[in-house]
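Reader: I am new to this structure and would like a close look at one part of it, the charged side chains that pair with one another. Please begin with the contacts along the chain and then go to that part.

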Amino acid sequence: FDVAIQGGCVMGLSLVSIGVVALFALIEVFKRAFVFESSEEMFEAIAGYGLGGSSIALFGRVGGGIYTKAADVGADLSGKNDYGLDEDDYRNPACIADNVGDNVGDIAGMGADLFGSFAESTCAALV
């Protein structure tokens, strides 16, 4: 339990920290590279960062689901057809890969959702 809490804290804090640094860098690039009539116009242009964050979150969630499902299907097919084992039998090595794939898919999906929510909320606050 402690490892899960610490891992989640590291992921959440690092994701939000990197997001804040990226947003700051994006604002600085927009200030120097483009000419805007007002700061409101610049922040409206930066609001696209939120939309991009949502798109990346969507693809991260879908991508994690695809790999998780592939590991699940592979574990089921190899265990049932080749060896006659149950789906979650501990003697099936692919069952371990299936469990790891489930965990990785869940973690990647939650991280993608966290980044999407962060990007949308910070850009909403800017506008």
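Author: Of the contacts in the chain with a separation of 6 or more (contact means heavy atoms within 4.5 Å), 63% are between residues 24 or more positions apart. The model is predicted, so local features need pLDDT of at least 70, side-chain atom pairs count only at pLDDT 80 or more, and totals for chains, interfaces and linings use all residues. Residues are numbered from 1 along each chain as its sequence is written, and side-chain values use heavy atoms, with hydrogens and water left out.

The chain has 4 helices and 0 strands; helices (H or I, at least four residues) and strands (E, at least two) are DSSP runs, numbered from the N terminus.

Now to the charged part. The structure holds 2 salt bridges, a salt bridge being a side-chain nitrogen of Lys or Arg within 4 Å of a carboxyl oxygen of Asp or Glu. E28 pairs with K31, their closest N and O atoms lying 3.8 Å apart. Both E28 and K31 belong to helix α1 (residues 2–33), 3 residues apart, about one turn of the helix. E28 counts as buried, at 19% relative accessibility; buried means under 20% relative accessible area, exposed over 50%, and partly exposed in between (1.4 Å probe, protein chains only).

E28 also forms a salt bridge with R32, at 3.6 Å from N to O. E28 and R32 are 4 residues apart in helix α1, again about one turn. R32 is exposed, with a relative accessible area of 69%. Through shared partners, the salt bridges join E28, K31 and R32 into one network.
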